[in-house]
Amino acid sequence: MSQIIDGKAISAQIKEEVKAQVAAYRDRGAEITLAVIQVGNDPASSVYVGNKKKACAYVGIRSLAYELPEETTEEELLTLIADLNERGDVHGILVQLPLPAQIDENKVINAIDPRKDVDGFHPQNVGALCTGQDGFVSCTPAGIIQLLKRSGISIERKECVVIGRSNIVGKPMALLLLKENGTVTVCHSKTKNVKEVAKRADILVAAVGKPRMITEEYVKEGAVVIDVGIHRNAENKLCGDVDYESVAPHTSAITPVPGGVGPMTIAMLMYNCVEAYRFCERNQ
Ligand code: NAP
């Protein structure tokens, strides 16, 4: 029988741990603060930003919301980030992506002080992950490592295949699995025979962005399957990159959608905010 990896329960556990740490800092007079910037009013971004604010309120982190109009210029956004970088009472800065076309995303990511980059997207943090140094790690892949560890699934010596090589999921996922001593292969849209490669995996991570693309033909009997995808199907129901019904019976463990990877991203963001505060405290 396949184990269903419960992202709801594990993310709740992490949020409780963070909440206790935030309360302990508050008792010492510290107010951990996250600045959340949204440019424009893309409905999906508004939902994500709303969920992040709610999570902050739940764990006791102060959130400062900056809701900027769609026509905001790159210069205006960079000026705001420079101000927030300087503020001693702001510990984390998050800019909700995607940004409107007139703003260069890379310039914005590079402008955030790496010590406040709780999304883990700044090249300095990505470089730190690459070279095994301390830094912020992108929340979704960091959450997947927690899902595996807290479900008692070891990574060491396992054949791991990640389908997808984006900067926010696929690449950091591969680096984290490598750090945990997995043997890692990354597939992308130009990979030959993705099915054959995926079938070698003891741990298969699907971050491909294609609804239900990963069918049982991609999965070795007894593999662990992690589904990063989030999509709405024709009936407006959530589904992932994995065709859950056909794949689940062949796995030893699998994440559902919803209730798998999704809730972990925000829990790890909260965790990173506490790390950002600790960093500030150490350098005061
Ligand atoms: P993305 O930027 O669109 O990247 C998709 C990756 O899949 C690319 O590297 C692409 O290859 C590869 N790919 C596309 N078609 C392929 C194919 N037929 N065979 C093999 N590889 C293929 O997506 P993302 O931002 O990484 O996100 C992936 C999924 O996770 C999406 O469904 C997204 O909504 C979801 N997501 C969920 C969370 C969460 O909190 N749960 C967070 C972030 C993302 P190329 O590089 O060659 O184009």
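User: Which element gives the largest share of the lining of the second largest pocket?

Analyst: Helix H10 does, with six residues. This is a predicted model, and the pocket in question holds about 790 Å³ of space. Its lining has 30 residues, and those nearest its centre are Gly 135, Phe 136, Val 137, Tyr 271 and Glu 275. Two or more lining residues come from each of helix H1 (7-27), helix H5 (123-130), H6, helix H7 (170-179) and H10.

User: How many residues of each class are in the lining of the second largest pocket?

Analyst: The lining holds 13 nonpolar, eight polar and nine charged residues. Of the residues nearest the centre, Glu 275 counts as charged, Gly 135 as polar, and Phe 136, Val 137 and Tyr 271 as nonpolar, because the classes are assigned by residue type.

User: What makes H6 roughly perpendicular to H10?

Analyst: The axes of helix H6 (residues 139-150) and helix H10 (residues 262-282) cross at roughly 100° and come within 8 Å. An angle from 65 to 115 degrees counts as roughly perpendicular, so H6 is given that description relative to H10.

User: Which residues in H6 and H10 meet?

Analyst: On the H6 side they are Cys 139, Thr 140, Ala 142, Gly 143, Gln 146 and Leu 147, and on the H10 side Met 264, Thr 265, Met 268, Leu 269 and Asn 272. By class, this contact of H6 with H10 has six nonpolar residues, five polar residues and no charged ones.

User: Why do strands E3 and E4 count as edges?

Analyst: Three strands form an open sheet in the order E3-E2-E4, with parallel pairing. Strand E3 (62-68) and strand E4 (92-95) each have a single partner strand, so one side of each lacks a neighbour in the sheet. Neighbouring strands here are turned by 15° against each other on average, direction ignored.

User: How do you know that E2 and E3 pair?

Analyst: Strand E2 (residues 33-39) and E3 are joined by seven bridges in the parallel sense. At least two bridges are needed for a pair, so E2 and E3 satisfy the rule. One of the bridges sets Thr 33 against Arg 62 in E3. Helix H2 (residues 43-59) packs on this sheet and touches E2, E3 and E4, with a direction at about 170° to that of E2. An angle over 145 degrees counts as roughly antiparallel, so H2 is roughly antiparallel to E2.

User: What makes E1 and E6 the edges of the sheet of six strands?

Analyst: The order of this open sheet is E1-E11-E8-E7-E5-E6, with parallel pairing. Strand E1 (3-4) and strand E6 (183-187) each have a single partner strand, so each has one side without a neighbour in the sheet. Within the sheet, four bridges join strand E5 (residues 159-163) to strand E7 (residues 203-206), and these strands run parallel. Cys 160 stands opposite Ile 203 in E7. Helix H7 packs on the sheet by touching E5, E6 and E7, and its direction makes about 170° with that of E5.

User: How many cavities of 30 Å³ or more are there?

Analyst: The count is one cavity. The largest cavity contains about 60 Å³ of space, and it is called a cavity rather than a pocket because a 1.4 Å probe fits inside but cannot get out. Its lining consists of Ile 93, Leu 94, Val 95, Leu 97, Ile 109, Ile 112, Asp 117, Asp 119 and Phe 121. E4 supplies the largest share, three residues. The lining divides into seven nonpolar, no polar and two charged residues.

User: What makes the peptide bond that joins Leu 97 and Pro 98 cis?

Analyst: Its omega is about 0°. Pro 98 is placed in the loop between E4 and helix H4 (105-111). The bond from Val 257 to Pro 258 is also cis, with omega near 0°, and Pro 258 is in the loop between strand E11 (251-254) and H10. Most peptide bonds are trans.

User: What is the phi of Arg 157?

Analyst: Phi of Arg 157 is near 70°, which is a positive value in a residue other than glycine. Most residues other than glycine have a negative phi. Arg 157 is found in the loop between H6 and E5.

Notes: Residues numbered from 1 in each chain as written. Predicted model: local features only at pLDDT ≥ 70, side-chain atom pairs only at ≥ 80, totals over all residues. Heavy atoms only, no water. Axes fitted to C-alpha atoms, helices over the stretch in contact; angles between N-to-C directions. Contact = heavy atoms within 4.5 Å. Parallel < 35°, antiparallel > 145°, perpendicular 65-115°, else oblique. 1 Å grid on protein atoms, 1.4 Å probe; cavity = no way out; pocket = protein on both sides within 12 Å on 5 of 7 lines; lining within 4 Å. Points joined across faces, edges and corners; volume = space filled by probe spheres on them.
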